[in-house]
Amino acid sequence: MKFLTEQVFNQIPYRKGAYLTGGVTISLLQPMRPIPFKHIYVLGLGEGKFPGSDDISQLNLRKHFREEWDISKREIQEFLLWETIHSAKESITFSYVGKNLQEDKTFEPCSHFLEIMEFLEVKDVVRLPLHSYSIKYEHTLQELKQGLVSYDFARVWVNGKRKDHPVLDRFQNPDELIKNHSDLSRSTIDVKELSQFLSDPLDTYLKRKLAMYLEEEYAEENEKEPFYLDAIEETHILKKVHALMIPDLVLEKPWVWDQEKIVQAVTPILEKEKFSAKFPASVFGKIQEADLVQYLVKTSEHLSEWKPLFQGGKYYPYLSLGDTGLPDAICKKLPALKVPLESGDFFLQGEWEHVIEKEGNLYWLFSKSLEEKPSEDYFGYKDYWKVMSFPFLTGVAFASSNENFKIYSFKPRPSEESKKKNILEFEYDIKSSSLGMEYLTKIVTEYLKEEPIFFPRRAFLSYYVKNIQVSSGKNKTVEDLSKFEDESVWIRFLKEELNGIKENLSPLVKLYPKTPELILQSRIRWAKLFYKPLLNWKKIYER
């Protein structure tokens with residue numbers, strides 16, 4: 001019966017929606033608090049479960065010395081609940097677990113649940129049976145209006161009337177048991193998502209199939225003092241100040257972002273972060289603030305060198321391919337890029353922050369640490385192909401649109417060491433737009449395949465540095481192109497490094513049961529087709 005049910009349900013068409021804006025979103029309260037939804041379901045409002053308990057950790061200094069602006073975890077959850085109520089457009093449903101049959105226990109709702117019932121004049125709750133096959137599901141008209149519906153049709157049919165059941169005919173019709181592949185094809189894809197596929201094909205494939213949306217950036221593990229911000233949190237604050245600095249590059253007036261002005265700009269930003277308990281207080285906060293100011297002073301020096309180039313241009317907070325929903329007042333919109341496929345036309349879209357247009361050129365000021373070439377340092381190999389995949393596909397997309405697009409990147413947390421380049425100015429110089437379109441056609445075709453594709457990006461980086469890059473003296477390197485063709489050398493390398501390859505996989509790929517066999521099925525030809533152009537088409541401007 002389970003097999004027959006799955007055969008029928010597999011015919012129901014579905015599609016993947018954008019995170020927080022399409023389809024069904026399952027999330028904590030915090031990420032979705034300002035966003036209105038048509039229907040909202042809030043779970044876990046039981047006594048002792050919501051709004052949680054106070055933080056009694058010894059690291060929480062606020063529990064003994066609390067200031068007026070400090071907000072506890074319980075208060076944050078309470079605020080989010082009230083904001084969620086105002087975010088519902090048509091309906092909102094609150095629920096809690098009321099019984100535990102195994103331990104014969106009864107649970108009460110939290111006080112907030114009772115307050116909502118009192119305010120809305122709800123006299124009693126709707127009690128849902130604990131099991132989908134419960135005989136209490138009678139599916140009367142009144143129960144259907146209350147939402148008492150069980151979708152476990154097999155159990156309902158067994159426990160209820162076996163004749164004249166509306167589901168029975170579907171199980172007895174052999175034609176209905178044929179699994180039809182519904183048309184789930186998409187006509188558009190974001191450049192960012194395609195870059196994630198380029199850097200990790202199997203991880204992106206699995207997330208797409210499972211409709212998972214995970215943050216791609218993770219803070220590096222370290223043993224720093226817990227009251228300090230990590231690199232990602234620091235960069236989040238720094239980028240807010242960058243958004244204030246970059247528009248001044250096009251102005252005719254002199255560059256005025258000295259340390260005093262930077263402090264004036266960053267102070268209100270940090271005050272908001274402190275009010276939200278996202279920034280350390282006391283001496284820890286002062287030390288962190290001093291570090292941020294020094295980063296911004298160094299960044300200001302780099303941006304001032306670019307001012308003669310960008311002065312007199314036009315600044316756009318956003319640039320987009322296709323209509324991504326941004327208002328025309330802050331976004332320069334270009335048509336979505338049409339990519340011809342055998343199955344029909346496909347469109348690339350995306351958006352980019354901080355773009356300056358001058359003399360027919362588009363300059364993207366990218367606040368991120370990029371890599372000049374694949375290399376290694378004391379800590380190991382830098383993840384070149386992942387870091388550069390989004391800038392690369394961005395350059396190819398605009399070159400295929402016949403746009404002169406240049407990338408000026410700067411490190412949000414610049415280094416004081418002279419050897420490390422804090423800025424990188426480059427473009428992807430493609431001989432013709434047709435060559436770029438040919439590449440996009442190939443990568444989109446790979447992305448749309450139904451079968452999983454795997455290529456070990458990190459393993460290839462080690463393979464590239466050890467086997468393909470050849471030193472030619474005076475810090476120059478050339479490529480041994482024959483190694484892009486020799487599949488036997490690549491397979492031998494995979495077998496030798498198999499344990500290390502498995503350790504460097506993403507958590508989702510590690511869980512996939514077919515990953516071990518896919519590792520040895522990967523081919524170096526994939527790198528030749530899709531990774532080699534990242535180096536061949538890159539043109540760096542020497543300062």
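**Helix packing and cores in a predicted model**

User: Hello! Which residues of H11 does H9 meet?
Analyst: Happy to help, and please keep in mind that this is a predicted model. From H9, the residues taking part are Glu234, Ile237, Leu238, Val241, His242 and Met245. Their partners in H11 are Gln288, Leu292, Tyr295, Leu296, Thr299, Ser300 and Leu303.

User: How many residues of the contact of H9 with H11 are nonpolar?
Analyst: Let's sort the residues of this contact by type. There is 1 charged residue and there are 4 polar ones, while the nonpolar ones number 8.

User: Are H9 and H11 parallel, perpendicular or oblique to each other?
Analyst: Helix H9 spans residues 231-245 and helix H11 spans residues 282-310, and their axes lie 11 Å apart. The two pack at an angle of about 40°. Angles under 35 degrees count as roughly parallel and those from 65 to 115 as roughly perpendicular, so H9 and H11 are oblique.

User: Is the crossing of H9 and H11 left-handed or right-handed?
Analyst: Handedness is a separate matter from the angle. For H9 and H11, the crossing is right-handed.

User: Which helix gives the most to the largest nonpolar core?
Analyst: Good one! This core holds 75 residues, and those touching the most other members are Leu198, Tyr439, Ile443 and Phe460. As for helices, the top contributor, with 10 residues, spans residues 384-400 and is helix H12.

User: How many residues are in the second, separate core?
Analyst: Among its members are Ile262, Phe279 and Phe410. Val241 belongs to this second core too, and Val241 is also one of the H9 residues that meet H11. The size of the second core is 31 residues.

User: Leaving aside neighbours within four places in sequence, which residues is Phe460 in contact with?
Analyst: Phe460 touches two tryptophans, Trp385 and Trp490. The rest of its contacts are Phe455, Ile468, Phe484, Ile524, Ala527 and Tyr531.

User: How many residues of H8 are buried?
Analyst: Helix H8 covers residues 201-210 and is mostly covered. Its buried residues include Asp203, Lys207 and Arg208 as well as Leu202 and Leu206, and the buried residues of H8 pack against H7, H13, H17, H18 and H19. Of the 10 residues in H8, the number buried is 8.

User: Is Glu497 buried, partly exposed or exposed?
Analyst: Glu497 sits in the loop between helix H15 and helix H16. Its relative accessibility is 32%. Buried means under 20% and exposed means over 50%, so Glu497 counts as partly exposed.

How values were computed
Residues numbered from 1 in each chain as written. Predicted model: local features only at pLDDT ≥ 70, side-chain atom pairs only at ≥ 80, totals over all residues. Heavy atoms only, no water. Axes fitted to C-alpha atoms, helices over the stretch in contact; angles between N-to-C directions. Helix = DSSP H or I, 4+ residues; strand = E, 2+ residues; numbered from the N terminus. Parallel < 35°, antiparallel > 145°, perpendicular 65-115°, else oblique. Left-handed = near helix turned anticlockwise from the far one by under 90°. Contact = heavy atoms within 4.5 Å. Nonpolar A, V, L, I, M, F, W, Y, C, P; charged D, E, K, R; others polar. Buried < 20%, exposed > 50% of the residue type's maximum accessible area, 1.4 Å probe, protein only. Core = buried A, V, L, I, M, F, W, Y, C linked by side-chain atoms within 4.5 Å.
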